[in-house]
Amino acid sequence: MSTPPGDKRHELERRLTVGYHLPSLAFITVVAGAISAAAFIVWPLTSATRRSALAAEPVSNHHRMIANACERCHDTLFTGASDSRCLSCHTVGSHARAFTSKKVQAVDRCASCHKEHHGQRSLVPADSPLCTKCHSQIAKVLPETRQPSVNDFAHHPEFALPPDTGLLKFSHAEHLGNLQKEGAAPETLTCGTCHVRAADGKSFTPIAFARNCQRCHRLQADPRIKGTPIPHGNVEHAIEVIRAALAEFYLNAPEGGHDSAAKLRERVASETRDIIDGVFTEQDGCKRCHEVTVTGTPGSPDVKQYNVEPPLLRTHWLSAALFDHGVHRQTACEQCHTRARGSTTASDLLIPGIAVCRDCHADPGTPDKLESPCVECHVYHSKE
Ligand code: HEC
Ligand code: HEC
Ligand code: HEC
Ligand code: HEC
Ligand code: HEC
Ligand code: HEC
Ligand code: HEC
Ligand code: HEC
Ligand code: HEC
Ligand code: HEC
């Protein structure tokens with residue numbers, strides 16, 4: 001029924017078709033678009049319950065109180081969540097010092113790790129790729145870094161532990177099993193005898209002379225002042241106590257009675273010096289456990305200067321990772337601290353290396369091992 005265009009009949013035929021009286025296809029599209037926009041965007045926004053229909057799934061339980069206050073997280077409804085909105089409620093530590101000093105260029109948005117609208121799924125991500133996207137090539141993120149790249153746990157670098165500069169003289173090997181020291185009750189020493197769990201269950205109470213050593217290594221000086229225990233932990237205090245106890249001994253001693261006051265004073269002073277020398281320099285005194293340095297002129301009438309190097313008993317070895325002894329309670333101490341029983345000096349490092357952890361921990365998906373993504377052992381937001 002087609003006729004050449006321009007023809008009058010053609011024009012008439014065109015008017016007789018149904019389509020001529022209907023809106024053009026373009027017009028229909030525009031109107032339909034407007035209606036659906038009203039139905040799906042504007043109308044939902046007019047009420048809280050309707051607004052929530054826009055988001056595929058509800059927000060997590062933590063954020064339920066703002067579930068319908070979309071603007072608390074979104075600058076506009078057509079943009080993703082904005083960091084500044086999250087930070088209006090949360091104060092979080094930055095990841096590493098390099099981030100605060102603005103040396104890292106490509107900093108992630110909060111929402112690249114903390115996804116929302118997934119119902120009850122945890123807001124805290126556990127997927128290693130969120131971390132390895134930077135750490136597998138860390139020098140690209142921070143050219144000056146000295147850290148090795150970390151792709152996964154299977155190729156994770158050995159832990160960089162601080163050196164053990166304990167300064168205490170101590171041998172684990174000598175102190176395990178059945179021990180008896182003169183004047184003390186016999187004991188069978190195990191790890192738990194000295195390393196007692198702290199109240200938090202996660203760590204151990206620090207070693208203390210009074211609690212852990214004194215009963216076998218009592219600090220004693222000369223038989224003349226046997227009844228006076230020498231106080232521990234402070235050189236000046238120890239000297240004062242020795243001096244006072246000895247003076248008292250001679251004041252009450254019958255043979256001292258014949259001496260003149262001046263002679264007695266000289267005798268007490270000289271013997272005090274000898275006893276103090278003994279306590280600080282003989283093998284069964286402070287020197288048993290400490291480096292003691294002596295300064296001051298020999299033969300000087302004054303008591304010499306003694307310096308006892310205070311031991312540094314570190315209770316925290318890992319600074320960049322988490323570790324909780326409570327969680328590992330079921331595992332025997334020596335499964336991890338394999339070197340402790342044989343260690344003869346306090347400067348032996350007894351903290352386990354990564355091979356020990358790999359007995360149980362592995363990348364997610366490894367058969368028969370604990371699924372351990374990076375965040376099993378590391379935090380993202382530093383506490384600083
Ligand atoms: C607690 C903060 C928070 C609230 C409240 C919130 N959102 Fe979101 N929303 C997010 C985050 C986080 C994303 C993840 C996407 C991104 O930003 O990269 C997101 C993504 C979206 C997306 C993109 C599609 C998707 O599911 O990934 C839409 C659409 C959306 N939100 C709509 C809404 C609406 C509508 C509301 C209010 C009913 C709302 N949101 C309330 C945090 C929030
Ligand atoms: C109106 C305040 C508010 C806003 C805005 C907000 N949150 Fe929260 N958020 C909370 C509260 C309250 C909690 C629950 C208490 C808590 O854990 O501190 C929470 C919890 C969390 C948690 C902890 C979840 C857990 O398992 O411990 C994360 C992660 C989180 N929010 C991230 C975000 C992110 C990312 C944004 C921005 C997209 C955001 N929040 C926006 C108030 C807010
Ligand atoms: C945007 C890139 C980026 C992302 C994503 C990232 N990191 Fe980092 N990370 C860095 C940079 C940069 C440093 C600092 C390196 C330095 O100081 O040499 C760092 C440092 C670290 C350190 C060493 C901290 C210290 O005190 O020495 C650990 C551990 C770490 N990140 C673990 C993680 C984990 C776990 C994740 C995932 C939750 C993660 N990182 C995600 C860039 C990133
Ligand atoms: C008589 C007390 C005593 C007993 C028993 C004992 N320890 Fe210790 N332990 C110490 C003292 C003191 C230190 C601090 C000096 C040092 O580093 O050796 C210490 C330090 C440690 C450290 C710190 C890490 C290091 O490298 O310095 C570990 C780990 C440790 N002991 C594990 C063990 C284990 C495992 C056992 C059992 C096999 C055990 N200890 C038994 C007294 C004891
Ligand atoms: C159960 C008793 C007992 C306890 C508790 C004990 N020791 Fe000993 N210690 C001994 C015995 C026994 C010896 C073997 C040598 C000796 O008799 O002097 C010894 C030897 C030592 C030696 C080597 C002595 C030397 O002259 O070579 C040092 C150092 C030492 N202990 C330090 C400590 C420290 C530090 C503590 C507390 C953390 C401690 N001991 C707790 C019984 C004990
Ligand atoms: C049997 C081992 C032993 C002997 C002997 C010993 N100490 Fe100690 N000393 C320790 C231990 C263990 C510590 C660390 C724990 C503590 O402070 O109780 C320590 C800590 C110290 C400190 C540091 C205290 C602080 O608060 O930082 C001083 C100072 C000290 N001793 C002085 C002395 C003096 C002085 C003597 C001799 C009179 C002496 N010690 C004898 C084991 C010993
Ligand atoms: C699963 C491995 C593992 C087991 C099991 C384990 N440890 Fe440890 N231990 C570690 C690691 C890792 C560290 C370093 C953690 C840190 O200080 O940050 C450590 C640190 C220590 C320290 C030094 C820090 C402090 O708290 O004084 C002592 C002491 C210690 N362990 C004793 C023990 C004793 C005692 C047992 C048994 C009751 C035990 N450990 C069981 C892995 C283990
Ligand atoms: C004998 C097996 C075993 C060994 C060896 C072991 N772990 Fe674990 N580890 C576990 C178990 C079991 C859990 C608990 C897992 C859970 O609850 O999800 C755990 C949990 C953890 C956690 C999470 C703690 C928490 O608060 O949930 C960290 C961090 C960790 N281990 C670090 C280490 C490190 C570092 C080493 C090596 C020094 C190590 N583990 C060695 C069995 C082991
Ligand atoms: C089973 C526990 C565990 C797992 C899983 C783990 N790490 Fe570690 N990581 C550690 C320990 C422990 C250290 C040593 C921390 C220290 O020296 O204070 C460490 C150190 C690091 C360091 C610092 C390296 C350096 O030499 O300064 C980085 C970066 C790091 N880990 C990244 C990662 C990344 C990325 C993942 C995930 C692929 C991961 N780690 C998985 C336990 C773990
Ligand atoms: C590379 C991934 C990543 C990025 C980016 C990230 N987070 Fe986290 N966030 C985590 C992880 C992992 C945890 C679990 C605890 C931890 O590692 O510190 C967490 C924990 C939290 C928590 C709950 C625990 C706490 O420390 O209070 C809040 C709130 C939070 N993040 C908010 C934010 C905000 C706000 C931003 C943006 C400024 C952000 N996060 C960026 C990975 C990330």
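**Ligand shells, a helix pair and some loop residues**

Reader: By class, which residues does the shell around ligand 5 have?

Author: The shell around ligand 5 has 9 nonpolar, 4 polar and 6 charged residues. The structure is a predicted model.

Reader: Which of the residues around ligand 5 come nearest?

Author: There are 19 residues around ligand 5, and K169, E187, N212, C213 and C216 come nearest. Strand 2 (187-189) and helix 10 (209-213) are the elements that give two or more residues to this shell. As for class, Lys and Glu count as charged and Cys counts as nonpolar.

Reader: What makes a residue part of the surroundings of ligand 3, and which are the closest?

Author: The test is that the C-beta atom lies within 6 Å of the ligand. For ligand 3, 22 residues surround it, and the closest are A96, C131, C134, T145 and H378. Helix 7 (129-135) and helix 15 (374-377) are the elements giving two or more residues to this shell. The largest share comes from helix 7, with 5 residues. By class, the shell around ligand 3 divides into 14 nonpolar, 5 polar and 3 charged residues.

Reader: Which residues come nearest to ligand 2, and which elements give two or more to its shell?

Author: Among the 17 residues around ligand 2, those that come nearest are H62, A81, C86, C89 and H114. Helix 4 (83-87) and helix 6 (110-113) are the elements that give two or more residues. The classes in the shell around ligand 2 are 9 nonpolar, 6 polar and 2 charged. His is not in the list of nonpolar or charged residue types, so it counts as polar.

Reader: Why are helix 11 and helix 12 called oblique to each other?

Author: Helix 11 (residues 235-252) and helix 12 (residues 261-281) pack at an angle of about 140°, with their axes 9 Å apart. Roughly perpendicular ends at 115 degrees and roughly antiparallel needs an angle over 145. An angle of about 140° meets neither condition, so helix 11 and helix 12 are oblique to each other. Helix 11 passes helix 12 in a right-handed crossing.

Reader: Which residues of helix 11 and helix 12 make the contact?

Author: From helix 11 they are A238, I239, I242, R243, L246, A247 and Y250; from helix 12 they are L264, R267, V268, E271, T272, I275, I276 and V279. By class, this contact has 11 nonpolar, 1 polar and 3 charged residues.

Reader: Why does F159 count as partly exposed?

Author: Buried requires 20 or more other C-beta atoms within 10 Å, and exposed requires 12 or fewer. F159 has 14 C-beta neighbours inside 10 Å, which lies between the two limits, so F159 counts as partly exposed. F159 lies in the loop between helix 8 (138-141) and strand 1 (177-179). Leaving aside neighbours within four places in sequence, F159 is in contact with G353 and I354. The C-alpha atoms of F159 and I351 are separated by 10.0 Å, although these residues are 192 residues apart along the chain.

Reader: A154 is found in the loop between helix 8 and strand 1. Buried or exposed, and how do you know?

Author: A154 has 9 other C-beta atoms within 10 Å; the limit for exposed is 12 or fewer, so A154 is exposed. Outside its neighbours within four places in sequence, A154 is in contact with A362 and D363. The C-alpha atoms of A154 and T366, 212 residues apart along the chain, are separated by 9.9 Å.

Reader: What makes the phi of K102 worth a note?

Author: Phi of K102 is positive, about 60°, although K102 is not a glycine. K102 is found in the loop between helix 5 (97-100) and helix 6. With 8 other C-beta atoms within 10 Å, K102 falls under the limit of 12 or fewer and is therefore exposed. H117 also has a positive phi, near 65°, and is a residue other than glycine. H117 sits in the loop between helix 6 and helix 7. Its count is 16 other C-beta atoms within 10 Å, so H117 is partly exposed.

Reader: How many of the residues of the chain count as buried?

Author: Of the 384 residues of the chain, 7% count as buried. To count, a residue needs 20 or more other C-beta atoms within 10 Å.

Note on methods. Residues are numbered from 1 along each chain as its sequence is written. Chains are lettered from A and ligands numbered from 1 in the order in which they are written. This is a predicted model: local features need pLDDT of at least 70, side-chain atom pairs count only at pLDDT 80 or more; totals for chains, interfaces and linings use all residues. Helices (H or I, at least four residues) and strands (E, at least two) are DSSP runs, numbered from the N terminus. Axes are lines fitted to C-alpha atoms, for helices over the stretch in contact, and angles run from 0 to 180 degrees between N-to-C directions. Angles under 35 degrees count as roughly parallel, over 145 as roughly antiparallel, 65 to 115 as roughly perpendicular and the rest as oblique. A crossing is left-handed if the near helix is turned anticlockwise from the far one by less than a right angle, and right-handed if clockwise. Two residues are in contact if their C-beta atoms, placed from the backbone, lie within 7 Å.
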